[in-house]
Amino acid sequence: MEIIGNVKSYDWGKTGERSFVAQLAKANSETLEIKDDCPYAELWMGDHVNGPATLKRDGTSLQQAIRDDPVGMVGKEAGGQLPFLLKVLSIRKALSVQVHPDKVEAEKLHEKFPDVYKDPNHKPELAIALTDFQALCGFRPYDEIAGLLNASGELRTLLGEDVLQKFAAKEEDAVKQAYERLMHSDQPAIERCINGIAERIRTSEQSLLDKLFLRLYDDFGADVGVLSIYFLNYLQLKPGQAIYLAANVPHAYLDGDCVECMACSDNVVRAGLTPKFKDVDTLLRLVSYRCAPGESMLFQPKLLQPTEQPHTKTFLPPVEDFAVSEIRLPVPVREYTLANPANGSVLLVLGGKGRLRLDEGESIELGFGKICFLTSKLGRTVKLEVDATGEEFLAFQAMCNDFI
């Protein structure tokens, strides 16, 4: 069945028709009017209570449709709801420096602070770049952090020589001590540090990291999150590249468009680059201090069925909640078979035209922005016909991860 995604207008989103989310949403909904000064940040395609998609035929929420027929929609094993949430993001300025709690911590946080942590689920997530995409992700290698901190007189003053000496002595907890000192520094000290760095690098030849610093400084001023760039890997992804974010991995998306899939949750522990509530102590308690090169954060898809589905590459994170397939059909391909797992799936079309052939001669026309919920009762495979438009067919399909 066709569904209409739920649009989120967060401040960091790209505005008007410049937003890929807006372009998709307009193609997906016949009634949506795009406002030029409105940010269109996220398109949600799932049944999460904070933004369920709706059925195009009658406006029923996907959440309610699943409740009405849980076995027919998502099968016997899904517990009456989708375990995943598919999104598209269009990012104009940085999202918050954040981590996501694991399942045990999510349950505790939800019970204690239900107004902040809206559900008891964990939120591992996968981001697949659609355009050039920038993100902070995971702690840099130990020696790289030491070099950046030592090269900045402002950071040396803020953190103190006792912390810098830990790096010189190669102490194992030096990164933890430095980051905790940073995040617990008082605001006047943070302002002196950030303003000093900004004044110094504005008058010198600027590196890529300097340019990122000034961009974040212009957007967020003396927010402590600006200084996270000296601790976290700065990744610049090309279209098709992906990163997987397990529980407690620190990260912040900075710029670009991506397809994102996650466990069905909206839990975020923030500590910088945001006007929203910052739960610094919780983030410091949960965050993983694993130091590794940025390229180690890249996540590769697999070709699961090279004979039956040679043009389907699937991202398989180490969780049962979700997997995502990229279906990219070369121009000569006119017929193809899509898999449909036992718990159903969500299909988002981003390029090309065609149709899904259903039972009893029925079909669903496909084109840019079309979103289809493929129900459990539809069967394990679905036939796809592709029109001869001269454009490759591109779609992403979110599903439960039955492959682990």
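Buried here means under 20% relative accessible area, exposed means over 50%, and partly exposed sits in between (1.4 Å probe, protein chains only). By that cut-off Lys-87, at 2% relative accessibility, counts as buried. This is a predicted model, where local features need pLDDT of at least 70 and side-chain atom pairs count only at pLDDT 80 or more, while totals for chains, interfaces and linings use all residues. Residues are numbered from 1 along each chain as its sequence is written, and side-chain values use heavy atoms, with hydrogens and water left out.

Let's stay with Lys-87 and look at charge pairs. A salt bridge is a side-chain nitrogen of Lys or Arg within 4 Å of a carboxyl oxygen of Asp or Glu, and the structure holds 26 of them. Side chains of opposite charge can pair when their charged atoms come close. Three pairs are set out here.

| Pair | Closest N to O | Relative accessible area |
|---|---|---|
| Glu-42 and Lys-87 | 3.3 Å | Glu-42 6%, Lys-87 2% |
| Glu-17 and Lys-26 | 3.2 Å | Glu-17 39%, Lys-26 42% |
| Glu-326 and Arg-328 | 3.4 Å | Glu-326 11%, Arg-328 32% |

Arg-355, Arg-357, Glu-365, Glu-385 and Asp-387 are joined into one network by salt bridges that share partners. As for the pair we started with, Glu-42 forms a salt bridge with Lys-87. That pair ties together distant parts of the chain, 45 residues apart: Glu-42 is in strand S5 (residues 42-45) and Lys-87 in strand S7 (residues 84-91). Strands (E, at least two residues) are DSSP runs, numbered from the N terminus. Glu-42 is buried, and so is Lys-87. Glu-17 and Lys-26, on the other hand, are partly exposed. The third pair is mixed: Glu-326 is buried, whereas Arg-328 is partly exposed.

Glu-125 is another acidic residue to look at. Strand S9 (residues 125-129) holds Glu-125, which is buried with a relative accessible area of 2%. What does its side chain make polar contacts with? A polar contact is a pair of N or O atoms within 3.5 Å; within protein, one must be able to donate a hydrogen and the other to accept it, and residues adjacent in sequence count only if both atoms are side-chain atoms. The Glu-125 side chain makes one with the side chain of His-100 at 3.2 Å, and another with that of Tyr-253 at 3.0 Å. Counting contact as heavy atoms within 4.5 Å, and leaving aside neighbours within four places in sequence, Glu-125 also touches residues including Ile-243, Leu-245, His-251, Cys-261 and Phe-322.

Now the greasy parts. A nonpolar core is a set of buried Ala, Val, Leu, Ile, Met, Phe, Trp, Tyr and Cys residues joined through side-chain atoms within 4.5 Å. The largest has 56 residues, and Phe-213, Leu-227 and Phe-231 touch the most other members. This core lies between domain 1 (3-138 + 235-274) and domain 2 (140-231), because both give residues to it; the bounds come from an automatic or database domain assignment. Beyond its neighbours within four places in sequence, Leu-227 is in contact with residues including Leu-155, Ile-190, Cys-193 and Phe-213. Apart from that core lies another, of 42 residues, among them Phe-20, Ile-34, Leu-43 and Leu-62.

Finally, cysteines. How many disulfides are there? With a disulfide taken as a pair of cysteine sulfur atoms within 2.5 Å, the count is zero. For Cys-193, the nearest cysteine sulfur is that of Cys-291, 19 Å away. Cys-193 is buried at 3%.

Key
Helix = DSSP H or I, 4+ residues; strand = E, 2+ residues; numbered from the N terminus.
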